[in-house]
Amino acid sequence: MLRHRSVISLLSNIHRQTCHLRPPSHNLVRTDYLNKLSRCYSNKSKSGSDETLNKASCITPSAATCKSPINNRGSSHIPANKEGQTATNACPPPPDCAYEESAATQASKNNKRLLAAILFTAGTCYAIWKLQPDKDDGKTGLKPSRKSATVAPAKIPSHSSEIPSNVPYLLVGGGTAGFSAFRAIKSLDAKAKVLILSEEGHLPYMRPPLSKEVWYDPDSEKKDELTFKQWNGSEKSLFYEPEEFYISPKELDQNPNGGVAVARGWKVARIDPYKRIAYLEDGHEIKYEKCLLATGAKPKTLDIFSKAPDAIKKHITTYRGIPDYVELNKIVKETDSVAIIGGGFLGSELAFALTRRASLENPKLKVYQVFKEPGNMHKILPEYLSLWTTNKVAKEGVHVIANSEVQDVKLEGKEVSLMLNDGRKVSVNKVIVAVGVEPNTDLAEKSGLEVDPDCGGFLVNAELEARSNLYAAGDCSCFYDVKFGRRRVEHHDHAVISGRLAGENMVGAGKPYLHQSMFWSDLGPDIGFEAIGIVDSSLPTVAVFAKASDRDSPKAIVAESNDNIRSNYEASASSINSSPSPQNTEKSMVENSATDDYGKGIIFYLRDELVVGIVLWNVFRRMTVARQVLKDDRKYDDLNEVAKLFHIFDE
Ligand SMILES: Cc1cc2nc3c(=O)[nH]c(=O)nc-3n(C[C@H](O)[C@H](O)[C@H](O)COP(=O)(O)OP(=O)(O)OC[C@H]3O[C@@H](n4cnc5c(N)ncnc54)[C@H](O)[C@@H]3O)c2cc1C
């Protein structure tokens, strides 16, 4: 059966090879967040080629546009906003207009002014209320009820004067890479003073559970903190550390023992690498000794949505952070139908998770998943496994619409109708666009920093330096991988390890980045995989499968380790065993013939006959073995023998 399977794999490979000839348009959604793992050696999608939905443009005219009536005087001086409306439409007339009027007109004007004054006051109060840090902000800065994905987060501290103007270590971006850099700096320099500037309104948190575990636990949105149940049922916070762990930015400079402060809702507009100054959007200057850019990535969208009228845009969202989760969580409870656009990891995990969630609390909810590839996660998984996965997703209850693209979008009553290229129409209340991300490099041009033309991302060397004393790590960096060449990777593990290395180098370690990062994806608690290296389905693959038991699932492995972050497992993983038991293997080969359900297996990705990538399908705690196989850089005559090293035939 093993041989039979290999033949199937080889046939599949022939098909895969033909996929190299995809027309360029086929590459548009190549950048799904996990699919970027191995990018930059072929078929690259240019960053910035797709327009990103401007969330701010979704805000309806509000008090904010009326804040300065004096400035708004004279509509001819008011530039049109992004929707082509002038801000005056929403504002009262100026109170001191200098022109002659009749008494009646004057009275009517006075009434209007009174009304305008009331509206203005109400509007201003509303704006102040919106900008205020929430009372129930609690430990995390989370305001579930008011934090919509389209509202700018509150600034904490509210004035930049409370942010130090001189720091030894400045970390731009409060995501996983930034937080990991802090930990590394602190471990080498115990009294380090570290300032994190984050555009988000939250303390550093992990993103992977946002498309997985949080949806399987209806109670996860707690009053003042975000917790979720891991697959084994134990509770965990999304936040790396609670509020008490941090010191306030105001106190950072004076604290003799140093520490880490996070300024939330603050964006760095540019850096002067020569003067070593970071400039906030309001002009506030922060002088640094060492600085890390860990600005991550932002979701892409499709032109069809970004160019749609505002009334349609209100139904369209992307998905990246806590505010998106909080908003979607509300929608899922109330709505009848959602469509997820994109067949990559994020789209597939969300489609699966929302359907499971619907079965718990909103059975009327229909979840559609629309993507242009033939199967789920098709950019990574070999064709047969991708199709198997699609079948599994559909069995869960997702209405999967493969081989389809949205060609037009219309508003019909309370729904948006998506017109597909095959003439079908899907009408839904909400559309979630999950077509990949692009690196956040907004500040590059103004700062004179180089962005890689192919991968996107701040260009850094193997030591993760962009310029002297300026580093980049995580999703936003395009680094030199001494094994595979220039790369940009969008994975949790990469953010942790590259952030850590950048932190160490900021303290003076001077080490190169040699780590091959891994990533994982779970479709609920029962199916999951881990991968490493270049896992691109257009490469030839050879796979070996075995029958899975109850122990071969994400849930089982989390039960064993009590850790949902699977990149953390490696330290305790099993080591390579170069002499597997032949008896075991024979027995398992018989078992293998009894199953066709791809229970668990090892998929090898080959380039020039070398193994350049490995997917561990429902096989866990074997990443060290995979890492070793990649490192060996050998041509293997029989990959079945290599598969035995992963003990997939063991009981
Ligand atoms: C829903 C979801 C699920 C995922 N699941 C997995 C998974 O299962 N496995 C896996 O390996 N990976 C997964 N990923 C990917 C992984 O989470 C990312 O690779 C990782 O978060 C990248 O970390 P980062 O620190 O580089 O960037 P981010 O986490 O994006 O953090 C960047 C931070 O910088 C801030 N910022 C940006 N520009 C500025 C500026 N100019 N000034 C100040 N702040 C700025 C941003 O607001 C943000 O807070 C998932 C991602 C998402 C969204």
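This is a short talk on one predicted model, covering the chain as a whole, the ligand site, and a few local details.

I'll start with the chain. The model is predicted, so please keep that in mind for every value I give. The secondary structure amounts to 16 helices and 28 strands. There are 651 residues in the chain, and 57% of them are buried. If you take the contacts with a separation of 6 or more, 71% of them are between residues 24 or more positions apart. The exposed area of the chain is about 27100 Å², and 52% of that comes from carbon and sulfur atoms.

Next, the ligand. Where does it lie with respect to domain 2 and domain 3? Domain 2 is made of three stretches, 163-204, 239-299 and 439-507, while domain 3 is the single stretch 303-435. Both of them give residues to the shell around the ligand, so the ligand lies between the two.

The shell has 37 residues, and those that come nearest to the ligand are Glu200, Arg207, Lys212, Arg320 and Asp475. By residue class, the shell has 17 nonpolar, 12 polar and 8 charged members. Four elements each contribute at least two shell residues: the helices α4 (176-188) and α12 (492-506), and the strands β2 (193-198) and β24 (518-523).

I have three polar pairs to show at this site. Arg320 has a side-chain N or O atom 2.7 Å from an oxygen atom of the ligand. Asp475 places a polar side-chain atom 2.8 Å from a ligand oxygen. At Ala294 the backbone takes part instead, with a polar backbone atom 3.4 Å from an oxygen atom of the ligand. How much of the ligand does the protein cover? On its own the ligand has 1000 Å² of accessible area, and the protein covers 97% of that.

Staying in this part of the sequence, look at helix α8, residues 322-334, which contains Asp324. Is Asp324 buried or exposed? Its relative accessibility is 5%, so it counts as buried, the limit being 20%. A polar atom of the Asp324 side chain lies 2.9 Å from the backbone nitrogen of Gly321.

A second buried aspartate is Asp536. You will find Asp536 in the loop between β25 (527-533) and β26 (541-546). Its relative accessibility is 1%, and it therefore counts as buried. The Asp536 side chain makes a polar contact of 2.8 Å with the side chain of Ser538.

Now to helix α15, residues 623-632. Which of its residues are buried? They are Met623, Val625, Ala626, Arg627, Val629 and Leu630. As a reminder, an α-helix has 3.6 residues a turn, so residues three or four places apart point the same way. The cover over the buried residues of α15 includes α12, β24, β25, β28 (610-617) and α16 (639-644). Two of these have come up already: α12 and β24 also supply residues of the ligand shell. After α15 comes Asp633, with a positive phi near 55°.

That brings me to backbone geometry. Most residues other than glycine have a negative phi, and most peptide bonds are trans. Here are some exceptions. Asn469 has a positive phi, near 65°. Asn469 sits in the loop between β20 (465-467) and β21 (470-472). With a relative accessibility of 17%, Asn469 counts as buried. His647 has a positive phi as well, near 55°. His647 is in the segment after α16, and at 17% relative accessibility it counts as buried. For the peptide bonds, the one from Ile156 to Pro157 is cis, with omega near 0°. Pro157 belongs to the loop between α3 (103-131) and β1 (166-172).

Last, a residue on the outside. Gly423 is in the loop between β15 (415-420) and β16 (425-428). Its relative accessible area is 65%, so Gly423 is exposed. How far is the C-alpha atom of Gly423 from that of Gly599? The two are separated by 36 Å, with their positions 176 residues apart along the chain.

To return to the main point, the ligand lies between domain 2 and domain 3, with 97% of its accessible area covered by the protein.

Note on methods
Residues are numbered from 1 along each chain as its sequence is written. This is a predicted model: local features need pLDDT of at least 70, side-chain atom pairs count only at pLDDT 80 or more; totals for chains, interfaces and linings use all residues. Side-chain values use heavy atoms; hydrogens and water are left out. A residue is near a molecule or strand if one of its heavy atoms lies within 4 Å of it. A polar contact is a pair of N or O atoms within 3.5 Å; within protein, one must be able to donate a hydrogen and the other to accept it, and residues adjacent in sequence count only if both atoms are side-chain atoms. Accessible areas come from the Shrake-Rupley method with a 1.4 Å probe; for residues, only the protein chains shown count as cover. Ala, Val, Leu, Ile, Met, Phe, Trp, Tyr, Cys and Pro count as nonpolar, Asp, Glu, Lys and Arg as charged, and the others, Gly among them, as polar. Domain bounds come from an automatic or database domain assignment. Buried means under 20% relative accessible area, exposed over 50%, partly exposed in between (1.4 Å probe, protein chains only). Contact means heavy atoms within 4.5 Å.
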